[in-house]
Amino acid sequence: MNDMTQPAIEQAKWRVADIEALFALPFSDLMFRAQSVHREHFDPNVVQLSTLMSIKTGGCSEDCGYCPQAARYSTDVEAELLLDIDTVMEAARAAKAAGATRFCMGAAWRGPKQRDLEPVLEMVKGIKELGLEACATLGMLKDGQAEQLKDAGLDYYNHNLDTAPEFYGEVITTRTYQDRLDTLERVRGAEINVCCGGIVGMGESRTQRAGLIAQLGNLTPQPESVPINMLVQVEGTPLQGTEALDQLEFVRTIAVARIVLSKSYVRLSAGRSAMSEAIQALCFLAGANSIFYGEKLLTTGNPDVQRDRDLLDKLGIQPQGAAACNICG
Ligand code: SAM
Ligand code: DTB
Ligand code: SF4
């Protein structure tokens with residue numbers, strides 16, 4: 001049979017206007033839609049736990065306006081060298097003991113040089129030997145680097161689009177949107193799961209929040225994991241002093257992400273320390289099913305483990321991969 005008789009079925013593209021229409025729904029209707037989509041694909045009472053560690057902190061050459069690790073901004077973050085493997089493994093073991101199933105290493109690089117990548121490959125192997133999923137966020141990747149990470153056993157690579165293309169230039173000038181898409185292509189090409197999301201509360205409009213979600217929704221295939229960060233305002237960064245985003249608008253953003261990215265894990269990411277339990281509960285109701293778990297993100301704080309366990313308990317949410325309970329099975 002001639003291929004021409006079998007036209008490829010093209011996934012319908014998400015239009016920004018359709019996503020804006022979701023944002024504009026009455027809150028209860030939006031939450032109902034999001035929760036309904038969530039239940040089609042996931043157990044609504046299970047949340048995935050990822051622990052982050054900054055393996056190379058500060059001194060970064062880039063100019064991301066939100067980031068305390070950019071060398072050009074005067075923040076409290078001190079530049080450090082790449083951590084040694086023993087320190088990283090100790091943290092990974094502690095993360096596993098606390099109940100995390102994924103360990104994510106972040107490095108304040110524009111992208112890794114080959115001599116930087118080699119020790120990271122050893123760390124990935126060590127994390128895998130512990131039985132954890134391994135994730136890394138090291139900046140832009142060059143040809144061949146994703147394949148090396150895949151061979152070491154990396155499960156996920158995090159590289160965010162951060163915001164809509166129209167707003168991007170207001171936040172970052174040292175790398176383009178296309179650079180980011182190119183790295184995502186390399187990750188996909190090496191058959192590593194894609195973790196890609198963004199930040200809200202940077203002064204973008206609702207249309208631009210919809211624009212970010214449209215970009216994520218139109219990646220083919222869609223990312224397996226989608227971190228939605230609320231900007232953590234850090235003194236010394238250009239975005240410090242930005243008008244805070246209304247927290248219910250953040251909940252709406254999670255709900256819209258859940259509807260558009262129906263099969264992806266949507267991670268309630270940076271910004272949780274400033275959120276009440278009630279807002280976090282609404283985020284779970286809106287379809288968030290992953291969190292960063294552990295006292296620190298990269299350089300800023302995150303709720304402590306006991307507080308998170310108590311919250312999940314209160315909501316009847318099980319951590320993904322938790323050992324079955326002796327009593328309830
Ligand atoms: N240097 C690498 C890069 O930029 O790709 C990896 C680490 S970078 C810190 C990873 C992501 O963290 C950024 O893309 C951004 O989405 C998020 N992030 C950084 N600073 C943040 C902040 N102050 N608030 C919220 N999210 C932030
Ligand atoms: C992501 O989307 N958020 C994480 C992770 N990927 C690497 C980072 C959040 C960083 C928040 C600011 C800080 O702690 O430095
Ligand atoms: Fe560097 Fe990443 Fe921070 Fe941008 S977000 S300044 S690339 S560490």
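## Around ligand 1

Let's start with the surroundings of ligand 1: its shell holds 16 residues, and those that come nearest are Tyr66, Ala107, Asn160, Asp162 and Val232. Please keep in mind that this is a predicted model. Sorted by class, the residues of this shell are nine nonpolar, five polar and two charged.

Three of the nearest residues are worth a look for their polar atoms. Tyrosine 66 places a backbone N or O atom 3.1 Å from a nitrogen atom of ligand 1. Alanine 107 also uses its backbone, with an N or O atom 3.1 Å from a nitrogen atom of the ligand. Aspartate 162 takes part through its side chain, where an N or O atom is 2.7 Å from an oxygen atom of ligand 1. Of the 550 Å² of accessible area that ligand 1 has on its own, the protein covers 90%. The space that ligand 1 takes is the largest cavity.

## Around ligand 3

Ligand 3 sits in the largest cavity too. The residues that surround ligand 3 are Cys60, Glu62, Cys64, Tyr66, Cys67, Ala70, Ala108, Trp109 and Arg175. Tyr66 is a familiar name here, as it is also among the residues that come nearest to ligand 1.

The shell of ligand 3 breaks down into seven nonpolar and two charged residues, with no polar ones.

## Two residues with positive phi

Now to the backbone. In general, most residues other than glycine have a negative phi. Aspartate 162, whose side chain we met beside ligand 1, has a phi near 70°, a positive value in a residue other than glycine. Its place is in the loop between strand E4 (156-158) and helix H6 (165-168). Aspartate 162 counts as buried because its relative accessibility is 3%, and the cut-off is under 20%.

Glutamate 191 is not a glycine either, yet its phi is positive at about 65°. This residue lies in the loop between helix H7 (177-189) and strand E5 (193-195). Is glutamate 191 buried or exposed? Glutamate 191 has a relative accessible area of 62%, and since exposed means over 50%, it is exposed.

## A cis peptide bond

One more backbone feature is worth visiting. Most peptide bonds are trans. The bond from threonine 220 to proline 221, however, is cis, and its omega is near -10°. To find it in the structure, go to the loop between helix H8 (206-217) and strand E7 (225-230), where proline 221 lies.

Terms used: Residues are numbered from 1 along each chain as its sequence is written. Chains are lettered from A and ligands numbered from 1 in the order in which they are written. This is a predicted model: local features need pLDDT of at least 70, side-chain atom pairs count only at pLDDT 80 or more; totals for chains, interfaces and linings use all residues. Side-chain values use heavy atoms; hydrogens and water are left out. A residue is near a molecule or strand if one of its heavy atoms lies within 4 Å of it. A polar contact is a pair of N or O atoms within 3.5 Å; within protein, one must be able to donate a hydrogen and the other to accept it, and residues adjacent in sequence count only if both atoms are side-chain atoms. Accessible areas come from the Shrake-Rupley method with a 1.4 Å probe; for residues, only the protein chains shown count as cover. On a 1 Å grid over the protein atoms alone, a cavity is a set of points where a 1.4 Å probe fits but cannot get out, and a pocket is an open set with protein on both sides within 12 Å along at least five of seven lines; lining residues have an atom within 4 Å of a point. A molecule sits in a cavity or pocket if more than half of its atoms lie within 2 Å of its grid points. Ala, Val, Leu, Ile, Met, Phe, Trp, Tyr, Cys and Pro count as nonpolar, Asp, Glu, Lys and Arg as charged, and the others, Gly among them, as polar. Helices (H or I, at least four residues) and strands (E, at least two) are DSSP runs, numbered from the N terminus. Buried means under 20% relative accessible area, exposed over 50%, partly exposed in between (1.4 Å probe, protein chains only).
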